[in-house]
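Student: Before we begin, may I ask you to explain the terms used for this model by setting each value against its definition?

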Amino acid sequence: MSQTNSPINVAVIGAGAFGRNHLRVYRDLQQHGQAVRLAAIVETDASRASALCEQWSAPIYPSIEACLDARQRGEITLDAASVCVPTSAHYATAAPLLTAGIDLLVEKPIAADTTQAADLLALAERHERILAIGHLERFNPAVSTAQSWLNRPMFFEAHRLSVFTPRSLDVDVVLDLMIHDLDIVLNFVNSPVHELHAVGLPILSSKVDIANVRIEFESGCVANFTASRVSTERIRKLRFFQPHQYISIDYARQDLLVINVDPSASPTPAFPGLPPGLGIRKPPVQPGEPLMLEIQSFLDCVRTRAVPPVSGQEGLAALTLALDINSAISAHARRAGLDAL
Ligand SMILES: NC(=O)c1ccc[n+]([C@@H]2O[C@H](COP(=O)([O-])OP(=O)(O)OC[C@H]3O[C@@H](n4cnc5c(N)ncnc54)[C@H](O)[C@@H]3O)[C@@H](O)[C@H]2O)c1
């Protein structure tokens with residue numbers, strides 16, 4: 001990328017369920033005149049790759065090495081990439097790309113373990129590359145709006161329930177789903193973890209499919225997280241309390257409810273069950289697709305060299321907490337004799 005307004009040449013690595021969303025967003029941005037160009041796709045699954053040929057005009061490579069060789073030979077130009085392979089393959093794909101000087105948006109979680117994640121951070125620093133992590137709920141407009149209401153959150157309740165699909169089974173539900181809420185709460189609380197208790201069980205896969213966690217932060221804030229990928233319903237909610245205030249975020253509906261202690265509040269017909277002395281409001285939320293906002297932010301960072309809103313460091317922090325939770329789940333299973341079942 002030589003000039004400020006020249007297109008950023010991007011690759012999507014892994015064109016599975018979620019990689020196809022990245023492809024769609026890059027194409028939409030390109031078609032709407034944004035300075036971005038889909039330059040390559042890397043997909044190891046040959047039948048999936050041949051189906052992609054019909055839909056995308058970009059060259060498709062069977063491996064990172066083949067893609068980087070084509071770049072070396074001058075057949076393609078590549079400035080940036082979305083890494084959308086399964087989590088277990090994040091490190092093996094992201095490391096050579098950073099080393100080759102490519103800016104990266106790596107899907108969440110940053111990597112499968114903290115050693116790999118720390119190594120990616122070091123590579124990004126050494127090669128002066130942008131490393132953004134795809135914790136896309138940070139870009140959910142309801143979350144951004146809630147941020148302006150934040151003063152002293154003391155209690156969080158997060159529920160993220162999904163129906164079972166046979167995807168992302170290379171990781172457990174904590175790394176697959178709960179990590180979204182861990183990242184948001186870490187960002188909102190901004191305090192180290194003091195204590196955590198966790199329970200989790202495998203249900204339909206060989207890994208933990210349902211988990212409940214209670215974390216107390218050094219600030220005194222307490223957070224409860226429940227995540228399931230074997231639910232009969234789909235719920236994505238985060239509720240929190242702070243002095244004289246309760247805030248509820250519905251990630252899926254992108255809406256926000258704020259209830260304040262307000263002795264002068266008059267009864268609200270829309271909420272007949274609400275006791276007197278409480279004021280309720282729904283702050284306006286400008287709707288937007290979180291992935292679109294995340295990718296636009298990534299492209300801005302590539303262009304301006306700014307630190308991404310969800311940096312590699314924050315990806316590492318969310319992963320570290322998720323893995324601590326998994327250790328606590330294993331310890332609990334041993335204490336309860338569940339590991340023998
Ligand atoms: N941000 C979110 O809300 C969100 C949602 C879903 C998935 N994800 C993340 O996206 C990533 C992919 O998940 P998915 O559900 O799309 O998985 P998937 O299995 O549907 O797709 C992964 C694709 O990567 C390909 N692949 C595997 N190894 C490769 C390699 N070395 N090089 C190139 N291609 C390779 C596979 O053939 C497959 O097509 C995971 O990290 C997951 O956690 C994020």
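Tutor: Let us start with a bridge in this predicted model: A158 has F225 of strand 10 as its bridge partner.

Student: What makes strand 7 and strand 10 a pair?

Tutor: Pairing requires at least two bridges. Seven bridges join strand 7 (residues 155-161) to strand 10 (residues 222-228), so the two count as paired, and they run parallel.

Student: In which sense does strand 7 pair with strand 11?

Tutor: The sense is antiparallel, over seven bridges, with strand 11 spanning residues 235-242. Within strand 11, I235 is the bridge partner of L161.

Student: How do you know that strand 1 and strand 4 are paired?

Tutor: Four bridges join strand 1 (residues 8-13) to strand 4 (residues 80-83), and at least two are needed, so the criterion is met. V12 stands opposite S82 in strand 4. These strands belong to an open sheet of six strands in the order 3-2-1-4-5-6, with parallel pairing.

Student: Why are strand 3 and strand 6 said to stand at the edges?

Tutor: Strand 3 (60-61) and strand 6 (131-134) each have a single partner strand, so one side of each lacks a neighbour in the sheet.

Student: Why is L201 called partly exposed?

Tutor: Buried means under 20% relative accessible area and exposed means over 50%. L201 has 35% relative accessibility, which lies in between, so L201 counts as partly exposed.

Student: Which residues make the nonpolar surface patch?

Tutor: F164, L201, I203, L204 and I210 make this patch of about 410 Å². L201 itself is found in strand 8 (residues 193-201).

Key: Residues are numbered from 1 along each chain as its sequence is written. This is a predicted model: local features need pLDDT of at least 70, side-chain atom pairs count only at pLDDT 80 or more; totals for chains, interfaces and linings use all residues. Side-chain values use heavy atoms; hydrogens and water are left out. Patches are made of residues with over 30% relative accessible area and no salt bridge: like charges are joined within 9 Å, nonpolar side chains (Val, Leu, Ile, Met, Phe, Trp, Tyr) within 5 Å. Accessible areas come from the Shrake-Rupley method with a 1.4 Å probe; for residues, only the protein chains shown count as cover. A salt bridge is a side-chain nitrogen of Lys or Arg within 4 Å of a carboxyl oxygen of Asp or Glu. Buried means under 20% relative accessible area, exposed over 50%, partly exposed in between (1.4 Å probe, protein chains only).
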